[in-house]
Amino acid sequence: MTNEGLSINLATVRQQWNLGEAVEACARHGIKAIDPWRDQVAAFGLAESAKVIKDNGMRVTGYCRGGMFPAADKAGRQAAIDDNRRALDEAAAIGAECIVLVVGGLPDGFRDIVAAREMVAEGLADILPHARAVKVPLAIEPLHPMYAGDRACVNTLGQALDLCDALGPDVGVAIDVYHVWWDPDVARQVARAGRARRIFAYHICDWLVPTRDMLLDRGMMGDGVIDLKAWARMIDDAGYHGFHEVEIFSGENWWKKPGDEVLETCLERFRATL
Ligand code: ZN
């Protein structure tokens with residue numbers, strides 16, 4: 001069986017390894033793609049990160065993450081734009097194929113989610129010219145509505161695709177099954193994303209029942225209630241034949257296991273989803 005087609009979002013092994021160790025471990029397991037987080041790159045060094053990624057022949061299926069556009073005042077929104085430009089430069093330096101955007105929720109003290117969503121649309125439009133200049137496309141990741149208050153007020157694939165339609169080329173979506181599996185409209189929207197060639201990334205893990213922590217209790221594929229085989233078919237039928245990226249934040253379980261065991265399990269369970 002093959003390891004082709006699997007990418008590891010390095011948050012999955014963030015407690016076990018630094019970026020360099022994680023890249024080398026992935027290479028050892030025959031994994032050919034990764035998606036690092038900004039803090040991991042910062043801790044290891046941007047030039048050093050670019051070098052270890054290149055030396056190991058890794059594809060970079062995304063860079064996590066930009067976004068967080070809404071802020072209480074103009075200065076705050078400008079600071080977010082500037083930070084996103086820096087993130088895009090870093091993404092370009094490590095050869096990332098897109099930047100993953102978690103768009104942000106409500107600024108402190110705000111109750112106007114409509115205004116927050118407008119700030120997101122404006123922020124995206126503001127950073128798009130820089131994204132085009134450095135050739136790093138924007139991948140909007142809709143997040144589960146439980147995060148609408150603090151992390152992302154873009155919560156469905158349809159909503160993300162409406163933003164893409166308004167913005168034009170070089171903007172697409174990162175489809176993370178964890179965030180959108182529950183949506184009754186999702187099949188139609190995956191097909192729509194495929195037709196528009198806007199699927200820039202595909203993230204997998206599983207939804208545990210019960211989920212014990214809103215952020216840090218994602219499941220390994222096969223341990224929860226998401227029909228990942230049906231998802232693999234759906235995404236393939238939509239014309240997406242890129243990497244399946246495993247992204248698991250698991251404070252009490254997978255982050256406490258040896259990294260090699262985590263990667264072996266990711267590989268096994270990834271194959272079982274195909
Ligand atoms: Zn994701």
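Before I turn to the metal site, a word on terms: four donors count as tetrahedral if all angles lie between 85 and 135 degrees, four count as square planar and six as octahedral if opposite donors are over 155 degrees apart and all others between 65 and 115, and anything else is irregular. Donors themselves are N, O and S atoms within 2.8 Å of the metal (3.2 Å for Na, K and Ca), and since water is not among the atoms, sites may look incomplete.

What we have here is a predicted model, in which local features need pLDDT of at least 70 and side-chain atom pairs count only at pLDDT 80 or more, while totals for chains, interfaces and linings use all residues. Residues are numbered from 1 along each chain as its sequence is written, and side-chain values use heavy atoms, with hydrogens and water left out.

Let me start with the zinc ion, whose protein donors are Glu141 (OE), Asp176 (OD), His203 (ND1) and Glu247 (OE), lying 2.0 to 2.2 Å from the ion. The angles among the four donor atoms run from 84 to 154°, and the site is irregular. Along the sequence, the spacing of these donor residues reads E-x34-D-x26-H-x43-E. Glutamate 141, in the loop between S6 and H6, and glutamate 247, in the loop between strand S9 (244-246) and helix H10 (259-273), are 106 residues apart, and this pair links distant parts of the chain. Helices (H or I, at least four residues) and strands (E, at least two) are DSSP runs, numbered from the N terminus.

Are these two glutamates buried or exposed? Both glutamate 141 and glutamate 247 are buried, where buried means under 20% relative accessible area, exposed over 50%, and partly exposed in between, with a 1.4 Å probe and protein chains only. For glutamate 247 the relative accessible area is 2%. Setting aside neighbours within four places in sequence, glutamate 247 is in contact (heavy atoms within 4.5 Å) with ten residues' worth of surroundings that include Asn9, Trp37, Cys64 and Arg218. I should put that last point more plainly and give the contacts of glutamate 247 in full: Asn9, Thr12, Trp37, Cys64, Glu141, Asp176, His203, Ile204, Cys205 and Arg218.

Next come two points of backbone geometry. The peptide bond from cysteine 64 to arginine 65 is cis, with omega near -5°, and arginine 65 belongs to strand S4 (residues 63-67). A cis peptide bond also joins valine 209 and proline 210, with omega about -5°, and proline 210 is found in the loop between strand S8 (199-204) and helix H9 (228-237).

Arginine 65 comes up again among the contacts of arginine 151, which, leaving aside neighbours within four places in sequence, also include Met68, Gly105 and Leu215. Arginine 151 sits in the loop between strand S6 (138-140) and helix H6 (157-167) and counts as partly exposed, at 24% relative accessibility. The C-alpha atoms of arginine 151 and glycine 105 are separated by 4.6 Å, although the two residues are 46 apart along the chain.

Finally, which residue in the loop between helix H5 (113-134) and S6 should we look at? That residue is lysine 135, whose phi is near 60°, a positive value in a residue other than glycine, and which counts as exposed at 69% relative accessibility.
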